[in-house]
Amino acid sequence: MVISVEEILPLIVFTTCGGIAAGAYGMSALGLLCGEKAAEADKRGWLFPLVCIVLLGVGLLATLMHLGQPLRFVNGMANPASMISQESYWAIAFGVVMVIDLVVAKLKGQAMAAVRWIGALVGFGLMVVTGLAYYDCAFLPAWATAVTIPLFIVGDLLMGAGLVLLFERAEMPRTLHAFTVMAALAWVAVAVGYAVYLMGLGMSAGLVFASIVVAIVAGAVSACVLAGKMPAATAKIVVLVLAVVAVVLARWAFFAAGVL
């Protein structure tokens, strides 16, 4: 599809809001695997799936804005072979799992690890098909590159790490801050690759390089927490904001490069 400048914002909102929810479930599952008892274990644990549901809902509303009318969304689901349909299927499945997680967390007072892992797997599927949807646009050279897929996956995980940190108790964030440092480093590698690719096409990569700088700062903040140089309660808010800014900058460049 060929997009106009006016359509960039809905795409940013959809991929960012849906992506941060998917990435957060992935990072939450990794935290549980490493023995972290996240804030889901307290009486407000249901807030995490609720916030993720709201984020996915906002993203889907942005999709309706992009398509122009609900009927186009329904028609987009009619062809299972298309990546747009796949995005819809995975988004719906992810939403269902999150609702189950919300109900379980509200009734039991804590999340079930099995439900959280299923959410992480379905969320990862959503991240992959989102990247593939743009990678498949062979008529748009700025999108049809293998870097596109990790650009979405790693970006979602970086933002997701920041969101999970927001729900962590201040004394238990070390594993997730380590994940944030790793995600920031991975983002730098992927973003550098995409910036070089854009420059090879003769396009501007200024926003992508700005994104790299912001991601480095986000990783540095988490590294400071690990080194005991910064309070975790303050750092988690800073990391979330920086992670979102870094990804949005790169995705704005990505979608703008697809405008013909």
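**Entry: helices**

I take a helix to be a DSSP run of H or I with at least four residues, numbered from the N terminus. I also note at the start that this is a predicted model.

I went through the whole chain with that in mind and got nine helices and zero strands. From the N terminus on, the order reads α-α-α-α-α-α-α-α-α.

**Entry: the chain as a whole**

How much of the chain is buried? I find that buried residues make up 50% of the 260 residues. The chain exposes about 11000 Å², and carbon and sulfur atoms supply 76% of that area.

I then checked how far along the sequence the contacts reach. Among contacts with a separation of 6 or more, 78% join residues 24 or more positions apart.

**Entry: cavities**

Rolling a probe the size of a water molecule over the atoms shows where empty space is left. For this model I count two cavities of 30 Å³ or more. The largest cavity comes to about 60 Å³.

Which residues line the largest cavity? I list Phe 14, Thr 15, Gly 18, Gly 19, Ala 22, Leu 126, Met 127, Thr 130, Phe 152, Asp 156 and Arg 251. By class, I have five nonpolar, four polar and two charged residues in that lining.

I sorted the lining by helix next. Helix 1 (8–33), helix 5 (113–135) and helix 6 (148–166) each supply at least two residues. Helix 1 gives the most, with five residues.

**Entry: Thr 15**

I picked Thr 15 because this residue is among those lining the largest cavity, and its place is in helix 1. Is Thr 15 buried or exposed? Its relative accessible area is 4%, and the cut-off for buried is under 20%, so Thr 15 is buried.

Beyond the neighbours within four places in sequence, I find Thr 15 in contact with Thr 130, Tyr 134, Phe 152, Asp 156, Arg 251 and Phe 255. Of these partners, Thr 130, Phe 152, Asp 156 and Arg 251 also appear in the lining of the largest cavity.

Where does the side chain of Thr 15 reach? It reaches the backbone oxygen of Leu 11 at 2.9 Å. I also noted the backbone oxygen of Ile 12, 3.4 Å from a polar atom of the Thr 15 side chain.

One C-alpha distance from here: Thr 15 and Ala 62 lie 9.3 Å apart in space and 47 residues apart in sequence.

**Entry: Thr 16**

I moved on to Thr 16, which lies in helix 1. Thr 16 is buried, with a relative accessible area of 9%.

What does Thr 16 touch, not counting residues up to four places away in sequence? I get Met 159, Val 244, Val 248 and Arg 251. Arg 251 is thus a contact of Thr 16 and a contact of Thr 15, and it belongs to the lining of the largest cavity.

**Entry: Thr 180**

My last threonine, Thr 180, sits in helix 7 (residues 174–200). Why do I call Thr 180 buried? Its relative accessibility is 0%, and anything under 20% counts as buried.

Setting aside residues up to four places away in sequence, Thr 180 touches Leu 158, Ala 161, Leu 165, Ser 222 and Val 239. For the contact with Ser 222 I looked up the C-alpha separation too, which is 6.6 Å for residues 42 apart along the chain.

A polar atom of the Thr 180 side chain lies 2.8 Å from the backbone oxygen of Leu 176.

Key
Residues numbered from 1 in each chain as written. Predicted model: local features only at pLDDT ≥ 70, side-chain atom pairs only at ≥ 80, totals over all residues. Heavy atoms only, no water. 1 Å grid on protein atoms, 1.4 Å probe; cavity = no way out; pocket = protein on both sides within 12 Å on 5 of 7 lines; lining within 4 Å. Points joined across faces, edges and corners; volume = space filled by probe spheres on them. Nonpolar A, V, L, I, M, F, W, Y, C, P; charged D, E, K, R; others polar. Buried < 20%, exposed > 50% of the residue type's maximum accessible area, 1.4 Å probe, protein only. Contact = heavy atoms within 4.5 Å. Areas by Shrake-Rupley, 256 points an atom, 1.4 Å probe, with all protein chains shown as cover. Polar contact = N/O pair within 3.5 Å; in protein donor to acceptor, adjacent residues only side chain to side chain.
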